[in-house]
Amino acid sequence: MKIIKFDPRALDKITESFVDSFPEWSIENAKKYLMQSYLISPDFCFMAVDKDNEILGAIFSKLGTSKHGDLLIVESLQVIDRHRNNGVGKSLLKHTVNEARKNNIFSISMLSPEENIFPLSWYERIGFKKTDWIELSTTIDTIKI
Ligand SMILES: CC(C)(COP(=O)(O)OP(=O)(O)OC[C@H]1O[C@@H](n2cnc3c(N)ncnc32)[C@H](O)[C@@H]1OP(=O)(O)O)[C@@H](O)C(=O)NCCC(=O)NCCS
């Protein structure tokens, strides 16, 4: 397996896998979401391929800024179903962390569904910590101001 820069020609395959994992997303919105990270920070989006160049998974991150300095936000880590549990996700995340280190990025963050034990437990095991911020969201037409 090797980790290379994300190639937009792999977008359809990764989107399909993303929507399989998160069925409440439409293909169209998922593609837009992933492409937004890629367009903002193409240098921080990677994919894993095998020796025949078959796509195994991808990670999309975008650069941001926090009060402490540059921040890398992981928007999606996705491994194609049949290639899971073979170290692909770990390799993609490790590669991203190494690139962040090389670029003097201070911190790395991501959102994870709280109710799922995995991957939250895995992220915590490798050093990620829950923040004391919670996400708030609503639809525009229900705002009362
Ligand atoms: C989360 C995901 C990216 C992990 O990728 P993967 O290639 O299967 O994971 P790896 O084989 O690299 O395993 C990483 C670690 O998680 C553990 N793990 C993998 N699948 C697991 C599972 N279903 N339950 C518990 N632990 C699991 C592995 O044992 C490994 O542990 P280690 O670091 O102690 O060796 C993959 O399952 C996936 O694409 N899931 C659907 C999308 C998703 O949930 N993305 C994350 C959104 S925040």
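A residue counts as buried if 20 or more other C-beta atoms lie within 10 Å of its own, as exposed if 12 or fewer do, and as partly exposed in between. Keep that cut-off at hand for the exercises below, which all use a predicted model.

**Exercise 1. Sort Asn53, Asn104 and Tyr38 into buried or exposed.**

Solution. Take the residues one at a time.

- Step 1: Asn53 has 10 C-beta neighbours inside 10 Å, so Asn53 counts as exposed. You will find this residue in the loop between E2 and E3.
- Step 2: Asn104 has 8 other C-beta atoms within 10 Å and is therefore exposed. Its place is the loop between H3 and E5.
- Step 3: Tyr38 has 21 other C-beta atoms within 10 Å, so Tyr38 is buried. This residue belongs to helix H2, residues 27-40.
- Step 4: Now look at who surrounds the tyrosine. Setting aside neighbours within four places in sequence, Tyr38 is in contact with Phe6, Pro8, Cys45 and Phe60.

For the wider setting, 23% of the 145 residues of the protein chain count as buried.

**Exercise 2. Find out what is unusual about the backbone at Asn53, Asn104 and the bond between Phe118 and Pro119.**

Solution. Begin with the background: most residues other than glycine have a negative phi, and most peptide bonds are trans.

- Step 1: Phi of Asn53 is near 65 degrees, a positive value in a residue other than glycine. Asn53 sits in the turn of a hairpin formed by E2 and E3, with 5 residues between the two strands.
- Step 2: Asn104 also has a positive phi, near 55 degrees, and is not a glycine either.
- Step 3: The peptide bond that joins Phe118 and Pro119 is cis, with omega at about 10 degrees. Pro119 is part of the loop between E5 and helix H4 (120-125).

**Exercise 3. Lay out the sheet, strand by strand.**

Solution. Work from one edge inwards, then add the helices.

- Step 1: The sheet is open, has 5 strands in the order E1-E2-E3-E4-E5, and its pairing is mixed.
- Step 2: Why does one side of E1 (2-5) and of E5 (107-110) lack a neighbour in the sheet? These strands stand at the edges and each has a single partner strand, so one side of each is left open in this way.
- Step 3: E1 and E2 (residues 45-49) run antiparallel and are joined by 4 bridges. Across this pair, Ile3 stands opposite Ala48, while Lys5 faces Phe46.
- Step 4: E2 and E3 are paired in the antiparallel sense too, over 5 bridges. Here Ala48 has Gly57 in E3 as its bridge partner.
- Step 5: Return to burial for a moment. In E2, 4 of the 5 residues are buried, so this strand is largely enclosed by the rest of the structure.
- Step 6: Helix H3 (residues 88-102) lies across E1, E2, E3, E4 and E5, and runs at about 30 degrees to E3.

**Exercise 4. Describe the shell around the ligand.**

Solution. Go from the residue count to the elements, and then to chemistry.

- Step 1: The ligand is surrounded by 15 residues, and the closest are Val79, Arg84, Gly89, Lys90 and Phe118.
- Step 2: Which elements each supply at least two residues of this shell? They are E4 and H3.
- Step 3: By residue type, the shell divides into 6 nonpolar, 7 polar and 2 charged.
- Step 4: Compare positions with the buried tyrosine of Exercise 1. The C-alpha atoms of Phe118 and Tyr38 are separated by 26 Å, and the two residues are 80 apart along the chain.

**Exercise 5. Step back and characterise the whole chain.**

Solution. Count the elements, then turn to overall dimensions.

- Step 1: The protein chain has 4 helices and 5 strands, and from the N terminus on they run β-α-α-β-β-β-α-β-α.
- Step 2: The radius of gyration is 16 Å, close to the 15 Å that the globule rule gives for 145 residues, so the chain is as compact as a globular protein of that length.
- Step 3: Along its principal axes, the C-alpha trace spans about 55 × 35 × 30 Å.
- Step 4: Of the contacts between residues at least 6 apart in sequence, 53% join residues at least 24 apart.

Key: Residues are numbered from 1 along each chain as its sequence is written. This is a predicted model: local features need pLDDT of at least 70, side-chain atom pairs count only at pLDDT 80 or more; totals for chains, interfaces and linings use all residues. Two strands pair if DSSP finds at least two bridges between them. Two residues are in contact if their C-beta atoms, placed from the backbone, lie within 7 Å. Axes are lines fitted to C-alpha atoms, for helices over the stretch in contact, and angles run from 0 to 180 degrees between N-to-C directions. A residue is near a molecule or strand if its C-beta atom, placed from the backbone, lies within 6 Å of it. Ala, Val, Leu, Ile, Met, Phe, Trp, Tyr, Cys and Pro count as nonpolar, Asp, Glu, Lys and Arg as charged, and the others, Gly among them, as polar. The radius of gyration is taken over C-alpha atoms; the globule rule is 2.2 Å times the number of residues to the power 0.38.
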